Amino acid sequence: MTRLINVTLTSALLLTASQAYAQTSSIAVDDVHSKPTIELDQQQDVQILLDLGWDSKYISEGRNNLENGGIYWGMAAIEYDNINLYTKVGRGDTDAYTEWNFGLEYGLAISNNLEATIGYQRVEIYADERESDNELFADITYTKFNWLIPSLAYTYSTEAGGYFIEASLHSNWQLTDTLVITPYVTQAFDFQYATEDHNGPNHFQFGIEAQWQLNDTLAISGHISHTIAQQDIKQELATDNLDETFAGIHFSFNF
């Protein structure tokens, strides 16, 4: 399968990164299997996140999934007592492509500096070929040092009968009270998730993300990213120009 299972939302997809305000959430667009996550405001029992975004290409598992153009994303998530319920829709801006994701996620603190999430996601795709999938996912993040945050994400597909692993490093730099810049790198490994004929390194990805916190409710985030195809993609596609560069922007509303 060569599609974005999370977004990011872009992802999509979302990993919780450092924010200008602790009660708001941001988007990490590089980790394509990370799921919508809301950072709790301890004074609120329930939080709601709405996100609207666009990516210049639909990149997942290091592959471009649309022949033409990019993709629009919309997502709504609600969190209560560390349980996140979300739905997300992506629609091609040029190609006839629509994808729905419905998921449930539980977040837990293993220790003061170690956070984890586990969850389930249903995927429905409407394009030239109709597709659907069930996914189980988990990720773990070490948060002691804001300037270097390692994370590990795992996704298992029941349709493919395989799994995908991403190891990432993020470095958050708060330039002002409202602006955070985050360079990152991600190494991905495929084990019969995207292809059946090869197991091992899939792609390497790096880029830079930025978030501008307009107020307690609204944030604007963007990214520019580049992927480098590795053995899994090269064996599957066997063509030149397999590396991809793409960018995106998101508007997030947190209540």
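This passage describes the fold, surface, salt bridges and selected residues of one protein model.

The model is predicted. The protein has 255 residues, and 49% of them count as buried. Its secondary structure consists of 1 helix and 15 strands. The exposed area is about 11,400 Å². Carbon and sulfur atoms supply 58% of that area.

Charged side chains are considered next. The structure holds 5 salt bridges. One of them joins the side chains of Arg63 and Asp232, with N and O 2.9 Å apart. This pair links distant parts of the chain. Arg63 sits in strand β3, which covers residues 63-64. Asp232 belongs to helix α1, which covers residues 231-237. The two residues are 169 residues apart. Both partners, Arg63 and Asp232, are buried.

Arg63 also forms a salt bridge with Glu236. Here the closest N and O atoms are 2.7 Å apart. Arg63 lies in strand β3 and Glu236 in helix α1, so this pair ties together parts that are 173 residues apart in sequence. The two partners can be set side by side by their accessibility. Arg63 has a relative accessibility of 4% and therefore counts as buried, since the cut-off for buried is under 20%. Glu236 has a relative accessible area of 34% and is partly exposed. Arg63, Asp232 and Glu236 are thus linked in a network of salt bridges.

Another salt bridge brings together the side chains of Glu124 and Arg130. The N to O distance is 2.7 Å. Glu124 counts as buried, because its relative accessibility is 12%. Arg130 is partly exposed, because its relative accessible area is 47%.

The surface also carries a cluster of like charges. Glu67, Asp128, Glu129, Glu131 and Glu159 form a negative surface patch. Among these residues, Glu131 is placed in strand β8, which spans residues 131-142. The relative accessible area of Glu131 is 32%, so this residue is partly exposed. That value also meets the patch cut-off, because patch residues must have over 30% relative accessible area.

Two polar side chains in strands were examined for burial and contacts. Asn84 lies in strand β5, which runs over residues 83-92. With a relative accessibility of 3%, Asn84 counts as buried. The Asn84 side chain has a polar contact with the side chain of Glu105, at 2.6 Å. Gln205 belongs to strand β13, which runs over residues 199-213. The relative accessibility of Gln205 is 2%, so Gln205 counts as buried. A polar contact of 3.0 Å joins the side chains of Gln205 and Tyr184.

Leu218 is part of strand β14, made up of residues 218-229. Leu218 counts as buried at 19% relative accessibility, because the cut-off is under 20%. Along the chain, Leu218 and Ser252 are 34 residues apart. Their C-alpha atoms are separated by 5.7 Å.

Backbone geometry was considered last. Most residues other than glycine have a negative phi. Glu61 has a positive phi, near 50°, and is not a glycine. Glu61 is found in the loop between β2 (59-60) and β3. Its relative accessible area is 0%, so Glu61 is buried. Asp81 likewise is not a glycine and has a positive phi, about 55°. The place of Asp81 is the loop between β4 (71-80) and β5. Asp81 is exposed, with a relative accessible area of 54%. The cut-off for exposed is over 50%, which means that 54% falls in that class. Of these two loop residues, then, Glu61 is buried, whereas Asp81 is exposed.

Methods
Residues are numbered from 1 along each chain as its sequence is written. This is a predicted model: local features need pLDDT of at least 70, side-chain atom pairs count only at pLDDT 80 or more; totals for chains, interfaces and linings use all residues. Side-chain values use heavy atoms; hydrogens and water are left out. Helices (H or I, at least four residues) and strands (E, at least two) are DSSP runs, numbered from the N terminus. Buried means under 20% relative accessible area, exposed over 50%, partly exposed in between (1.4 Å probe, protein chains only). A polar contact is a pair of N or O atoms within 3.5 Å; within protein, one must be able to donate a hydrogen and the other to accept it, and residues adjacent in sequence count only if both atoms are side-chain atoms. Accessible areas come from the Shrake-Rupley method with a 1.4 Å probe; for residues, only the protein chains shown count as cover. Patches are made of residues with over 30% relative accessible area and no salt bridge: like charges are joined within 9 Å, nonpolar side chains (Val, Leu, Ile, Met, Phe, Trp, Tyr) within 5 Å. A salt bridge is a side-chain nitrogen of Lys or Arg within 4 Å of a carboxyl oxygen of Asp or Glu. Lys and Arg count as positive and Asp and Glu as negative; His and the chain ends are not counted. The place of a charge is taken as NZ of Lys, CZ of Arg, CG of Asp or CD of Glu.
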